[in-house]
Amino acid sequence: MTKFKTVTPKKIIMGKLSFGCDLLEELTKIATESGIRLGRIEAIGAVQKVRIGFYNQNKRKYQFHLFSQPMEIVKLAGNISTKDGKPFVHAHITLADKAGKSCGGHLAEGTTVFACEFILETFEGPEFNRYLDEETGLSLWSL
Ligand code: ZN
């Protein structure tokens with residue numbers, strides 16, 4: 001069943017990530033240290049290497065791909081909610097290689113930033129807590 005709730009824009013944070021940091025870990029650190037429990041993230045930039053996941057719906061497991069090459073971040077889009085009471089970043093990323101070919105997927109730890117400019121919008125509203133969804137095997141929002 002489709003479910004949704006209203007959230008209210010609160011503030012917007014803009015910044016750049018440090019060279020060599022782990023993209024997902026750094027975004028999670030910003031959310032944790034800033035006490036952000038609800039929001040959305042977008043970013044552009046470049047990575048030195050990237051690790052992305054594809055959720056195998058039959059096996060109900062993520063399959064990960066590691067591309068150990070420089071790539072452009074064409075677009076990162078994600079959200080911040082909570083899991084086990086802590087801020088949790090869920091992001092997907094589209095990248096392009098030197099030939100302009102794109103790939104993308106679920107952003108995983110193991111992605112190294114070359115340069116990254118991000119915009120993070122925080123919301124006020126009810127908690128969006130993640131729980132194990134039996135239907136998909138994914139950690140989804142309980143609304
Ligand atoms: Zn995902």
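## Exercises on a predicted model

Asn56 touches Lys61 and Gln63, not counting its neighbours within four places in sequence. Keep in mind that you're looking at a predicted model.

**Exercise 1.** Find the strand that holds Asn56, and work out whether Asn56 is buried or exposed.

*Solution.* Start with the strand: Asn56 belongs to E2, which covers residues 39–56. Next, take the relative accessible area of Asn56, which is 13%. Buried means under 20%, so Asn56 is buried. To round off the picture, add the contacts with Lys61 and Gln63.

**Exercise 2.** Work out which residues coordinate the zinc ion, and through which atoms.

*Solution.* Go to the zinc ion and look at the atoms around it. His90 and His92 each offer NE2, while His106 offers ND1. The distances run from 2.0 to 2.1 Å. Now read the donors along the chain: their spacing is H-x1-H-x13-H.

**Exercise 3.** Classify two of the zinc ligands, His90 and His92, by how accessible they are.

*Solution.* You need two cut-offs here: buried is under 20%, exposed is over 50%, and partly exposed lies in between. His90 has a relative accessible area of 22%, so His90 is partly exposed. For His92 the value is 42%, so that residue is partly exposed too.

**Exercise 4.** Describe the largest pocket: how much space does it hold, and what lines it?

*Solution.* First, the volume: the largest pocket holds about 450 Å³. Second, the lining: there are 21 residues, and those closest to the centre are Tyr62, Phe88, Val89, His90 and His106. Two of these names should ring a bell, as His90 and His106 also coordinate the zinc ion. Third, trace where the lining comes from. Helix H1 (23–34) and strands E5 (86–96), E6 (102–107) and E9 (139–142) each give at least two residues. E5 gives the most, with six. Last, sort the lining by class: eleven residues are nonpolar, six polar and four charged.

**Exercise 5.** Do the same for the second largest pocket: which residues line it?

*Solution.* Begin with the volume again, about 220 Å³ for the second largest pocket. Then list the lining: Met1, Lys3, Tyr131, Asp133, Glu135, Leu140, Trp141, Ser142 and Leu143. Strand E9 makes the largest contribution here, with three residues. E9 also gives at least two residues to the lining of the largest pocket. Finally, count by class: the second largest pocket is lined by five nonpolar residues, one polar and three charged.

Notes:
Residues are numbered from 1 along each chain as its sequence is written. This is a predicted model: local features need pLDDT of at least 70, side-chain atom pairs count only at pLDDT 80 or more; totals for chains, interfaces and linings use all residues. Side-chain values use heavy atoms; hydrogens and water are left out. Donors are N, O and S atoms within 2.8 Å of the metal (3.2 Å for Na, K and Ca); water is not among the atoms, so sites may look incomplete. Buried means under 20% relative accessible area, exposed over 50%, partly exposed in between (1.4 Å probe, protein chains only). Helices (H or I, at least four residues) and strands (E, at least two) are DSSP runs, numbered from the N terminus. Contact means heavy atoms within 4.5 Å. On a 1 Å grid over the protein atoms alone, a cavity is a set of points where a 1.4 Å probe fits but cannot get out, and a pocket is an open set with protein on both sides within 12 Å along at least five of seven lines; lining residues have an atom within 4 Å of a point. Grid points are joined across faces, edges and corners, and a volume is the space filled by probe spheres set on the points. Ala, Val, Leu, Ile, Met, Phe, Trp, Tyr, Cys and Pro count as nonpolar, Asp, Glu, Lys and Arg as charged, and the others, Gly among them, as polar.
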